[in-house]
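User: Could you take a close look at the disulfides for me? I'd like the bonds themselves first, and then a bit of their surroundings.

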Amino acid sequence: MKLLLCAIPLLLWPVGSLEAAGPATIACNVTVSVIDPDPSGSNVRKAPGGAVVATLRTPRAGDDWIEVHVVGQAGDWFAIDRADLVGDARKTIFRGSGYMHRSVLGADGLVNGEPIRADHDAHAARILAGEEGDQPAYLLACAGDFMKIRVKGGVGWTRKLCLNQRTTCA
């Protein structure tokens, strides 16, 4: 009888809710660049690893780039709500809910003097001092307004990346 009483809540649980739950999402509020060199573009997916809802492409001519606003992270996937094509002007090219894989997100540089910290806390110890500003930064994670990045010198957390591909960020 006790076994039956314990099993009743499981029998009443909605059938699709366990599958729909998916990985936990960490809330973020950061902007990064699409760093994917693939000329066919980078996919925005409906869910992590799911169906493609948009493909972001930069023009073949010129020096424009794409920035995405990241609102969350679920494992190796970042939830975005907007993508802008940036150059002489800024134009929104995607608005909605989508996911992009971490392998296509980051920045072409660091902001000179912006600290890289041991954790996602403004009071965390500064690490990786003296990193070159003009180097790729690969997005690994996010939490609030902090980004965990990998650069030549190692891994750390920062609040700002140099997204401007036309100049260095002093």
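Analyst: Here is a walk through the disulfides, followed by the protein around them.

A word on the source: this is a predicted model, where local features need pLDDT of at least 70, side-chain atom pairs count only at pLDDT 80 or more, and totals for chains, interfaces and linings use all residues. Residues are numbered from 1 along each chain as its sequence is written, and side-chain values use heavy atoms, with hydrogens and water left out.

The structure holds 2 disulfides, a disulfide being a pair of cysteine sulfur atoms within 2.5 Å. Counting bonded cysteines along the chain, the pattern is 1-2, 3-4.

Take the bond between cysteine 28 and cysteine 142, with its sulfurs 2.0 Å apart. Its S-S torsion is 80 degrees, and the link is right-handed. Cysteine 28 sits in strand β1 (residues 26–34) and cysteine 142 in strand β11 (residues 137–143), so the bond ties together parts 114 residues apart in sequence. Strands here are DSSP runs of E with at least two residues, helices are runs of H or I with at least four, and both are numbered from the N terminus. Cysteine 28 is buried, at 8% relative accessible area, and cysteine 142 is buried too, at 2%. Buried means under 20% relative accessible area, with exposed over 50% and partly exposed in between, using a 1.4 Å probe and protein chains only.

The other bond joins cysteine 162 to cysteine 169, again with an S to S distance of 2.0 Å. The torsion about this S-S bond is about 70 degrees, so the disulfide is right-handed. Cysteine 162 and cysteine 169 are both buried.

Now for the surroundings. The protein's secondary structure comes to 2 helices and 14 strands. Of its 170 residues, 37% are buried. If you look at contacts (heavy atoms within 4.5 Å) between residues at least 6 apart in sequence, 55% of them join residues at least 24 apart. As for the outside, the accessible surface comes to about 9900 Å², and 55% of that belongs to carbon and sulfur atoms; these areas come from the Shrake-Rupley method with a 1.4 Å probe, and for residues only the protein chains shown count as cover.
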